[in-house]
Structure formats: structure tokens, C-alpha cells
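The following paragraphs are intended to be read beside the sequence and the coordinates. They proceed from the overall fold to the interior, then to charged pairs, and finally to the surface.

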Amino acid sequence: MWIKRILLAMSLVLLSVTAQAEEYWGLQKCIQYALTHSHRILMHDFNLKASEAERLQARGRFLPSVNMGMSRRELHNNSPNESNADYLNQEVESYYWQVSQTLFAGGYNFNFYQRSKLREKLAVLQRKQAELDLIFDVQRTYYTYLKALEIEKSARERVHRLNEHLEMVKAFLERGFST
């Protein structure tokens, strides 16, 4: 988990460095970018679509199954004797259509449908949780980055003040030794 956070922080820093030359990336833009490009969110979208398909499949178990078919058979007489030709030259075609419905499967179909609906709700909630986790990670990384920028700015100001103080001390020592 901490590796993902480090990679997210590094990507945000790289984005902000490249974005500084072009435009400023605020917190909302970072969050929006992360939500549209995160592989975790895309994975949860795929799981949500799969659970919707499973629910439709479970609903289809309540519908009757329909089977249709056709067969054709031909018999030809190749003998030189024509007396049995009518008997042997035959063409047989058969068609069938079958509809079947299971009346009672011990509640299996109903339970399968209920389970698929629960899995779909779970997929929706997991996606929402992944979004919230990602937003939290982006916010924490963003504010950590801003804090680091502020610490860097403060350190540069301190170094600048120390350099000014050093120059004043050097000037004081030069005046003090020259008199």
C-alpha cells in the first residue's frame, strides 16, 4: 500500500513540475485526473459491468429455454432395377421446436438472482470506496506536496537570512580588525 502512495506522490510531483510550465494544477484538477486515469477505478468499473451481466443472466434463468432444430435425410436407389425405385428414393425432413421451463429448482434460481443483486450492490459500494480512498490519497499527497514546498521556501528564506547575517559579520570583522 505504501508503494502505491509513493508512486502516487511521485506522479503528482512530476505532474506538478511539468504542469508548472503549462498551467497550475489545483486539488480538484488532480482529483479529477486521478479518478479518470486510475487503474483501480477502471478495475471496479469492469467488476460492476460483470456483476450487472451476472444479474441479467440470473434473471434469464426465470425465462423458458427454447430449442429448435431440423434434420434432413435422403435415400437414393442406385440399382438398375426400377421396380423398387419409389420405395428406395426417399427424402425425409423433420423440424422440431421445444420450449421448457423448470417449475421448481429448490429455490436455486431465486437465490442465484438475489445473490447476483447483492453482488451488484457490493460492486457499486466497492467502487465508491475506491473513489473515496483515491481522493483521500490524492488530497494527502497534494497537501504533503504543498507542505514540502512551504518548507523549501522557508528553508531558502532562512539560508538567505543566514547569508545576509554572514555578510554583516564579515563586514563587521573587517572593520573591527582594520581599526
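A residue is called buried when its relative accessible area is under 20%, exposed when that area is over 50%, and partly exposed in between. By this rule D45 is partly exposed, because its relative accessible area is 23%. The model under discussion is a predicted one.

The protein contains 5 helices and 2 strands. Read from the N terminus, these elements follow the order α-α-α-β-α-β-α. Of the 179 residues in the protein, 20% count as buried. The accessible surface amounts to about 14,500 Å², and 61% of this surface belongs to carbon and sulfur atoms. Among contacts between residues at least 6 apart in sequence, 77% join residues that are at least 24 apart.

The interior may be considered next. In soluble globular proteins, nonpolar side chains tend to be buried together. Here the largest nonpolar core comprises 10 residues: W25, L27, C30, I31, A34, I41, A130, L134, V138 and Y142. Two elements, α2 (27-37) and α5, are those that give two or more residues to this core.

Charged pairs form a second theme. Side chains of opposite charge can pair when their charged atoms come close. The structure has 8 salt bridges. One of them joins the side chains of R127 and D45, with a distance of 2.2 Å from N to O. R127 belongs to helix α5 (residues 108-178) and D45 to helix α3 (residues 39-60), so this pair ties together parts of the protein that lie 82 residues apart in sequence. Is R127 buried or exposed? R127 is buried, because its relative accessible area is 19%, whereas its partner D45, at 23%, is partly exposed.

A further bridge lies within helix α5. E131 pairs with K128, and their closest N and O atoms are 3.9 Å apart. These two residues are 3 positions apart in helix α5, so about one helical turn separates E131 from K128. E131 has a relative accessible area of 16% and is therefore buried, while K128, with 44% relative accessibility, counts as partly exposed. The pairs described so far do not stand alone: D45, R127, K128 and E131 are linked in a network of salt bridges.

Helix α5 also holds the pair E152 and R156, whose closest N and O atoms are 2.8 Å apart in a salt bridge. E152 and R156 are 4 residues apart, about one turn of the helix. E152 is partly exposed at 36% relative accessibility, and R156 is exposed, with a relative accessible area of 57%.

The surface remains to be described. Which residues form a nonpolar patch there? The patch consists of V66, M68, W97 and V99, which together have about 480 Å² of accessible area. Strands β1 (65-75) and β2 (90-100) each supply at least two residues of this patch. V66 lies in strand β1. A patch residue must have over 30% relative accessible area. V66 has a relative accessible area of 46% and is therefore partly exposed.

Definitions and conventions:
Residues are numbered from 1 along each chain as its sequence is written. This is a predicted model: local features need pLDDT of at least 70, side-chain atom pairs count only at pLDDT 80 or more; totals for chains, interfaces and linings use all residues. Side-chain values use heavy atoms; hydrogens and water are left out. Patches are made of residues with over 30% relative accessible area and no salt bridge: like charges are joined within 9 Å, nonpolar side chains (Val, Leu, Ile, Met, Phe, Trp, Tyr) within 5 Å. Accessible areas come from the Shrake-Rupley method with a 1.4 Å probe; for residues, only the protein chains shown count as cover. A salt bridge is a side-chain nitrogen of Lys or Arg within 4 Å of a carboxyl oxygen of Asp or Glu. Buried means under 20% relative accessible area, exposed over 50%, partly exposed in between (1.4 Å probe, protein chains only). A nonpolar core is a set of buried Ala, Val, Leu, Ile, Met, Phe, Trp, Tyr and Cys residues joined through side-chain atoms within 4.5 Å. Contact means heavy atoms within 4.5 Å.
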